[in-house]
Amino acid sequence: MADWTNCLNFGISIAKQASEIVLSAFQQEKEVKLKSSPADLVTETDQRVEKILISTIKDKYPEHRFIGEESVAAGEPVELTDSPTWIIDPIDGTVNFVHRFPFVAISIAFTVNKQTEFGIVYSCVEDKMFYAQRGRGAFVNGDPLHASGQEDVRKCVVVTEIGSERDDLALSIMTSNIFRVLKLPVHGIRALGTAAVDMCQVATGGADAYYHIGMHCWDIAASAIIVQEAGGVVMDTDGSEFDMMSRRVIAASSAAVANDIARVIKAFPCPRDDEDIRVCTSPAGGSSTPLHEEEEKEETRK
Ligand code: IPD
């Protein structure tokens with residue numbers, strides 16, 4: 001079995017270096033551009049950090065491939081092949097970054113034969129370096145991570161995100177999912193504004209579950225292996241096997257908790273990341289149909 005430890009260590013060192021750019025820009029005013037929605041933001045720092053990460057990796061590993069959030073936004077396709085591939089989110093939590101809300105992360109996953117070999121999530125402001133390598137455990141700043149192992153959903157803290165979709169159908173389903181999870185009941189719901197760091201909370205045991213619909217592979221590929229290596233489970237929101245391209249995820253302390261959440265939440269339609277469409281299929285700009293009617297329509301689509 002190939003040993004990718006050198007690549008992991010290299011990834012950790014370049015994430016650390018790139019964080020200096022993120023941190024020095026953090027307190028500054030930023031020029032903000034919109035991408036797929038009024039809440040899907042990008043700054044010059046996102047683009048600059050991604051370019052630096054990719055060119056630094058290419059210098060050392062010229063044969064490796066890349067899937068990067070801002071490269072995809074600029075028109076590159078999402079192609080996960082058997083080749084060694086770095087999946088990069090230069091700033092996960094760009095809305096936080098713009099507002100100086102102190103949770104932003106550099107997220108880097110590395111796959112070979114479409115299997116994730118390691119994941120790195122560097123939560124820059126907190127100075128927490130989360131990482132995991134397949135079969136070798138998960139760590140934060142060198143200390144081992146362990147999911148809580150909680151099996152009773154009624155004793156869980158659940159993390160989720162509303163994401164950047166703002167059309168009626170997506171908002172209606174996401175807000176009613178929060179209602180349904182609260183009614184399980186659970187101890188509480190939290191959101192930090194970065195999918196990567198949210199999911200790492202499950203790996204620390206500080207949260208017991210996380211679910212999200214509409215995020216992208218670069219948001220969660222690294223944290224998925226961190227959760228798994230910490231002893232947690234990762235699955236699709238419909239209870240099937242985790243697929244980083246599906247834009248749906250549940251991460252949890254146990255299969256029992258993941259299944260209890262999968263049972264009550266619903267998904268809204270989103271094209272896969274590896275489809276050649278980069279916006280959600282829910283009606284552009286929102287539908288004028290009342291929310292309850294949209295929900296009923298969704299109910300019949302399930
Ligand atoms: C976003 C964050 C956010 C999640 C969005 C993501 P970005 O990533 O992870 O928490 O709700 O769905 O797109 O755009 O800041 O890299």
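Leaving aside its neighbours within four places in sequence, with which residues is Gly137 in contact? The points below take up this and other features of the structure, which is a predicted model.

1. Gly137. This residue sits in the loop that runs between strand 7 and strand 8 (138-140). Once neighbours within four places in sequence are set aside, the contacts of Gly137 are Tyr131, Ala132 and Glu229. Gln228 is 91 residues away from Gly137 in sequence, yet their C-alpha atoms are 8.5 Å apart in space.

2. Ligand surroundings. There are 14 residues around the ligand, and those that come nearest are Glu69, Asp89, Asp92, Gly93 and Thr94. By type, the shell consists of 3 nonpolar, 6 polar and 5 charged residues. Strand 4 (residues 85-92) is the element that gives the most to this shell, contributing 3 residues.

3. Polar atoms at the ligand. Gly93 places a backbone N or O atom 2.7 Å from a ligand oxygen. For Glu69, an N or O atom of the side chain is 2.9 Å from an oxygen atom of the ligand. The side chain of His212 also has an N or O atom facing a ligand oxygen, here at 3.4 Å. The ligand taken alone exposes 370 Å², and 90% of that is buried by the protein.

4. The sheet of 7 strands. This sheet is open, its strands follow the order 3-4-5-6-7-8-9, and the pairing is mixed. Strand 3 (65-68) and strand 9 (143-144) have a single partner strand each, so they stand at the edges and one side of each lacks a neighbour in the sheet. Within the sheet, strand 4 pairs with strand 5 (residues 105-112) in the antiparallel sense, over 6 bridges. Ile88 has Ile108 of strand 5 opposite to it.

5. Helices on that sheet. Helix 1 (residues 5-26) packs on the sheet and touches strand 4, strand 5, strand 6 (115-123) and strand 7 (128-133). The direction of helix 1 makes about 30° with that of strand 6. Helix 6 (residues 195-204) lies across strand 4, strand 5, strand 6 and strand 7 as well, and runs at about 100° to strand 6.

6. The sheet of 5 strands. A further open sheet has the order 11-10-12-14-13, again with mixed pairing. Its edges are strand 11 (188-190) and strand 13 (233-235); each has a single partner strand, so one side of each is left without a neighbour in the sheet. On average, and with direction ignored, neighbouring strands here are turned by 20° against each other. Strand 10 (residues 157-160) pairs with strand 12 (residues 209-213) in the parallel sense over 3 bridges. Val159 has Tyr210, in strand 12, as its bridge partner.

7. Helices on the sheet of 5 strands. Helix 5 (residues 168-182) lies across strand 10, strand 11 and strand 12, at about 160° to strand 12. Helix 6 appears here too: it lies across strand 10, strand 12 and strand 14 (248-252), running at about 150° to strand 12.

8. Backbone details to check. Leu184 and Pro185 are joined by a cis peptide bond, with omega about 0°. Pro185 belongs to the loop between helix 5 and strand 11. Asn141 is not a glycine, but its phi is positive, at about 45°. Asn141 is placed in the loop between strand 8 and strand 9.

Methods
Residues are numbered from 1 along each chain as its sequence is written. This is a predicted model: local features need pLDDT of at least 70, side-chain atom pairs count only at pLDDT 80 or more; totals for chains, interfaces and linings use all residues. Side-chain values use heavy atoms; hydrogens and water are left out. A residue is near a molecule or strand if one of its heavy atoms lies within 4 Å of it. A polar contact is a pair of N or O atoms within 3.5 Å; within protein, one must be able to donate a hydrogen and the other to accept it, and residues adjacent in sequence count only if both atoms are side-chain atoms. Accessible areas come from the Shrake-Rupley method with a 1.4 Å probe; for residues, only the protein chains shown count as cover. Helices (H or I, at least four residues) and strands (E, at least two) are DSSP runs, numbered from the N terminus. Ala, Val, Leu, Ile, Met, Phe, Trp, Tyr, Cys and Pro count as nonpolar, Asp, Glu, Lys and Arg as charged, and the others, Gly among them, as polar. Two strands pair if DSSP finds at least two bridges between them. Contact means heavy atoms within 4.5 Å. Axes are lines fitted to C-alpha atoms, for helices over the stretch in contact, and angles run from 0 to 180 degrees between N-to-C directions.
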